[in-house]
Amino acid sequence: MARSSTGFVTALTAGALAVVGFLAYQASASAPADLGKSPAASSSSSSSSSAAPKKKADPKALPAQSGKGERVVYALGADRVWLVGGNGKVQRTYEVTPGTVDPAPGRYTVNSRSGAIPGTDGTPVEHVVRFASASGVVIGFSAAVDGSTPEPDPTKQTGGIRESRADGDAMWEFATFGRLIVVVP
């Protein structure tokens with residue numbers, strides 16, 4: 001009996017690794033070629049003699065390489081979220097307070113939701129929308145029940161990306177199971 005169960009577990013493990021490898025390949029194959037590259041690196045290095053100052057990018061503008069269709073876009077560097085409708089128009093954008101563990105840039109889908117639970121830092125949170133994990137920490141959007149968005153304790157690994165309660169309500173309505181989440185640098 002021990003031999004057959006060992007073989008069965010080995011086969012299941014091999015199958016799981018094959019599925020994870022296939023999904024990783026799919027994710028990398030569908031990512032834009034310039035995802036993660038800075039805009040400065042892709043611009044030409046020629047200097048211009050024009051004295052006109054360059055326009056600063058609007059920090060609320062949807063990142064150009066964030067995909068198409070209905071999706072949630074999360075910009076790590078800007079600590080900002082965009083809820084984008086099917087027509088490509090931003091329905092809502094807002095700042096967030098990230099946890100201490102960030103997801104890698106890429107494409108994810110909402111894989112779990114909870115109405116109200118304790119957060120990874122012990123704070124009661126609501127409207128939890130999970131989509132990734134990194135370093136063994138589950139990552140998702142949530143709103144503290146007391147409305148706070150404090151900076152996370154740097155000594156703890158937390159994956160909660162905190163939103164205001166109003167923004168958390170909007171995310172909860174928009175980001176149902178399977179909704180695309182695009183994380184950009």
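How many residues lie between β6 and β7 in their hairpin, and which residue in the turn has a positive phi? The views below take that up, along with a few other spots in this predicted model.

**View 1. The β6-β7 hairpin and its turn.** There are 2 residues between β6 and β7, and the one in the turn with a positive phi is S135, at about 55 degrees. On either side of that turn, β6 (residues 124-134) and β7 run antiparallel, joined by 7 bridges. If you want a pair to look for, find V129 and then its bridge partner in β7, F141.

**View 2. Strand β7 and its other neighbour, β8.** Here's β7 again, this time with strand β8 (residues 160-163): the two pair in the parallel sense, over 4 bridges. S142 is a handy landmark, since R162 of β8 stands opposite. Is β7 mostly buried or exposed? Of the 8 residues in this strand (residues 137-144), 7 are buried, so the rest of the structure largely encloses β7.

**View 3. T97, in the loop between β3 and β4.** Follow the chain out of β3 (90-95) and, before you get to β4 (106-109), you'll meet T97 in the loop. The relative accessible area of T97 is 12%, and buried means under 20%, so T97 counts as buried. What does T97 touch, leaving aside residues up to four places away in sequence? The contacts are T149, P150, E151 and P152, plus G160, I161 and R162. With T149 there's a polar detail to zoom in on: a polar atom of the T97 side chain lies 3.5 Å from the backbone oxygen of T149. R162, on the T97 contact list, also turned up in View 2, opposite S142.

**View 4. The open sheet of 5 strands.** Reading across, the order is β3-β2-β1-β9-β4, and the pairing is mixed. Why do β3 and β4 each have one side without a neighbour in the sheet? Both stand at the edges with a single partner strand apiece, so nothing in the sheet flanks the other side. From one strand to the next, the twist averages 20 degrees.

**View 5. β1 beside β9, with helix α3 on the sheet.** Strand β1 (residues 71-75) pairs with strand β9 (residues 180-184) in the parallel sense, through 4 bridges. To find your bearings, look for A75, which has V184 of β9 opposite. Helix α3 (residues 165-174) packs on this sheet and touches β1, β2 (80-84) and β3. The direction of α3 makes about 140 degrees with that of β3.

Note on methods: Residues are numbered from 1 along each chain as its sequence is written. This is a predicted model: local features need pLDDT of at least 70, side-chain atom pairs count only at pLDDT 80 or more; totals for chains, interfaces and linings use all residues. Side-chain values use heavy atoms; hydrogens and water are left out. Buried means under 20% relative accessible area, exposed over 50%, partly exposed in between (1.4 Å probe, protein chains only). A polar contact is a pair of N or O atoms within 3.5 Å; within protein, one must be able to donate a hydrogen and the other to accept it, and residues adjacent in sequence count only if both atoms are side-chain atoms. Contact means heavy atoms within 4.5 Å. Two strands pair if DSSP finds at least two bridges between them. Axes are lines fitted to C-alpha atoms, for helices over the stretch in contact, and angles run from 0 to 180 degrees between N-to-C directions.
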